[in-house]
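Visitor: Could you walk me through a structure that I have open here? I am new to this, so plain words please.

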Amino acid sequence: MPDAISLVFGLAILVMSVVIHEVSHGIAAYLLGDKTAYYEGRLTLNPIPHIDPFGSILLPLLLSLTGSPFLIGWAKPVPFNPYNLIKAPKWGPGIVAAAGPISNLVIATFFGILIRLGGHNIIPFPQQFLEISALIALLNIALAVFNLVPIPPLDGSKVLIAALPDRLHNIAIALEAWGFVLLIAFILLFSPVVSVITSILFRIIVG
């Protein structure tokens, strides 16, 4: 595909992947007792209610145009009320947070299986379909890995905070207070680590 078409197609895949990621948060919250996302119309795959102009479009576009090896983005966070997670009061926020990255890994695994089937000629998929499937798998793995970093506001921080015993509550407070600074530092200094982990998982899932 021409570069411009590849760029647009890649951004479209990224947008839909982050939309599924956010909807998964809302579904998890709904199943645990909170209907906030449902009432606000966020349990939909229509990307319009989810798109964050900077995180969903501008940042991925800038990263692509600058040749960054690290392509990432996000949608508007799906709202939920932790006090409504009556089916899992302690672990609820962590479960809701983990649902997003898990959805991305499920998508990556699904397309990884299709690629393996095509690669072994079990199903004669066209080569272009396999290339698109590989891109979908790669972007979803990258989203899962990045979001599992335990720095606010990423999902990994909520999973970590849910797992911390009450006596370590001060750690959660410090993470929340310094989250933005820590996240910027992580992106500037350690984004290659995300790329390496993504590549390893890609080889495991896709082959």
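Guide: We will look at two helices, starting with how the model should be read. This is a predicted model, in which local features need pLDDT of at least 70 and side-chain atom pairs count only at pLDDT 80 or more, while totals for chains, interfaces and linings use all residues. Residues are numbered from 1 along each chain as its sequence is written, and side-chain values use heavy atoms, with hydrogens and water left out.

Visitor: What span should helix H3 have, and how far apart are its end C-alpha atoms?

Guide: Helix H3 covers residues 53–65 and should span 18 Å at 1.5 Å a residue, and its end C-alpha atoms are 17 Å apart, which agrees. That expected span is 1.5 Å times one less than the number of residues, and a helix here is a DSSP run (H or I, at least four residues) numbered from the N terminus.

Visitor: And where is the kink in H3?

Guide: A kink of about 25° lies at Leu59, shortly before the proline Pro60; the bend is the angle between axes fitted to the seven residues ending there and the seven starting there.

Visitor: Switching to H7, what does it span?

Guide: A straight helix of 38 residues would span 56 Å, but H7 spans only 39 Å between its end C-alpha atoms. H7 also has a kink of about 70° at Phe190, shortly before the proline Pro192.

Visitor: Is Val181 buried or partly exposed?

Guide: Val181, which lies in H7, is partly exposed with a relative accessible area of 47%, whereas Gly179 and Leu183 are among the buried residues of H7. Buried means under 20% relative accessible area, exposed over 50%, and partly exposed in between, with a 1.4 Å probe and protein chains only.

Definitions and conventions
Helices (H or I, at least four residues) and strands (E, at least two) are DSSP runs, numbered from the N terminus.
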